[in-house]
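Visitor: Please take a close look at salt bridges in this structure. I would like one connected account that also covers their surroundings.

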Amino acid sequence: MEARAIQRTVRQSARKMRLVIDQIRGRGVPEAYAILRFSKKLAARQIHKVLRSAVANAEQQAQRQNAAFDADQLRVAYAVVNEGPTLKRFTQAAMGRATPILKRTSHVEIRVAGENVPAAPPVKAGTAEAKAGAKAEAIARPAGPASAGKTRAKRTKAKQAGKSTKQKNKKKEER
């Protein structure tokens with residue numbers, strides 16, 4: 001079962017709200033509630049409202065279908081913040097000029113789903129996320145048997161140029 005909630009034109013910039021929404025994406029609903037409740041960010045209050053609405057929508061959907069419902073088994077399957085319309089205002093400036101003030105808004109969308117639904121859509125091969133994931137796997141992968149005994153120290157700039165530091169020190173002493 002999946003349910004969603006959308007809140008449009010929240011009077012906060014999408015950039016600030018994304019900091020909070022990134023913390024709850026993919027988490028269980030009780031854990032997401034805890035994160036939002038103890039967050040110092042102002043955006044956490046708005047996101048908490050949307051999450052509560054999504055859980056209530058899931059409960060209503062379960063009642064319509066006569067299905068069992070447990071809010072603790074839900075998790076945040078999809079959470080995104082997009083930019084909304086920008087309110088353009090002006091304030092006074094020196095010498096009769098006016099400077100613009102951009103009051104940014106955002107749209108919050110959260111989808112909650114049961115535990116058996118996959119966490120996120122599969123990552124496409126050419127994206128930056130896929131490259132970062134492959135790099136993390138390469139770092140975490142244990143060394144194979146071919147490179148088990150061979151550990152090489154990184155060469156310094158002096159060694160790369162063909163001179164060792166001992167040779168440099170000898171030349172300095174001779175002078």
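Guide: A salt bridge is counted where a side-chain nitrogen of Lys or Arg lies within 4 Å of a carboxyl oxygen of Asp or Glu. By that criterion the structure, which is a predicted model, holds four salt bridges. Side chains of opposite charge can pair when their charged atoms come close.

Start with Arg4 and Glu109, whose closest N and O atoms are 3.5 Å apart. This pair links distant parts of the chain, since Arg4 belongs to strand β1 and Glu109 to strand β5, 105 residues apart. The two partners fall into separate accessibility classes. Glu109 has a relative accessibility of 14% and so counts as buried, the limit being under 20%. Arg4, at 47%, counts as partly exposed. Arg111 joins Arg4 and Glu109 in a network of salt bridges.

The strands that carry this network belong to an open sheet of three, ordered β1-β5-β2, with antiparallel pairing. β1 and β2 stand at the edges, each with a single partner strand, so each has one side without a neighbour in the sheet. From one strand to the next the twist averages 10°. Eight bridges join β2 to β5. Within β5, Arg111 stands opposite Tyr78. Strand β1 also holds Thr9, which takes a positive phi of about 50° although it is not a glycine. Thr9 is partly exposed, with a relative accessible area of 44%.

Helix α3 lies across β1, β2 and β5, and it runs at about 145° to β1. The largest nonpolar core has 26 residues; Ile21, Ile47, Val108, Ile110 and Val112 touch the most other members. β1, α1, α2, α3, β2 and β5 each supply at least two residues of this core. Its largest share, eight residues, comes from α3. In soluble globular proteins, nonpolar side chains tend to be buried together. For Val112, leaving aside neighbours within four places in sequence, the contacts include Glu2, Val29, Leu51, Val55, Leu74 and Ala77.

The next pair is Asp22 with Arg25, whose side chains meet at 2.8 Å, N to O. Neither partner is buried: Asp22 is partly exposed at 45% relative accessible area, and Arg25 is partly exposed at 39%.

The helix α1 covers residues 14-24, and its buried residues are Ala14, Met17, Val20, Ile21 and Ile24. Seen down the axis of α1, these buried residues fall within an arc of 125°, so they line one face of the helix. An α-helix has 3.6 residues a turn, so residues three or four places apart point the same way. Arg15 and Lys16, on the other side of α1, are exposed. The buried residues of α1 pack against β1 (2-10), α2 (29-37), α3 (43-64), β2 (75-83) and β5 (106-113). Just after α1, Gly26 has a positive phi of about 85°.

Another pair is Glu31 with Arg27, with the closest N and O atoms 2.6 Å apart. Glu31 counts as partly exposed at 40% relative accessibility. Arg27 is also in the partly exposed class, at 35%.

Arg27 has a further link, to Ile35: leaving aside neighbours within four places in sequence, Ile35 is in contact with Gln23, Ile24 and Arg27. Ile35 sits in helix α2. At 22% relative accessibility Ile35 counts as partly exposed, because the buried class requires under 20%. From Ile35 to Val20 the C-alpha separation is 8.9 Å, with their positions 15 residues apart in sequence.

One last residue with unusual backbone geometry is listed for checking. Met95 has a positive phi of about 55° although it is not a glycine. Met95 is located in the loop between β3 (87-92) and β4 (98-103), and is exposed, with a relative accessible area of 73%.

Terms used: Residues are numbered from 1 along each chain as its sequence is written. This is a predicted model: local features need pLDDT of at least 70, side-chain atom pairs count only at pLDDT 80 or more; totals for chains, interfaces and linings use all residues. Side-chain values use heavy atoms; hydrogens and water are left out. Buried means under 20% relative accessible area, exposed over 50%, partly exposed in between (1.4 Å probe, protein chains only). Helices (H or I, at least four residues) and strands (E, at least two) are DSSP runs, numbered from the N terminus. The arc is that of the directions from the helix axis to the C-beta atoms. Contact means heavy atoms within 4.5 Å. Two strands pair if DSSP finds at least two bridges between them. Axes are lines fitted to C-alpha atoms, for helices over the stretch in contact, and angles run from 0 to 180 degrees between N-to-C directions. A nonpolar core is a set of buried Ala, Val, Leu, Ile, Met, Phe, Trp, Tyr and Cys residues joined through side-chain atoms within 4.5 Å.
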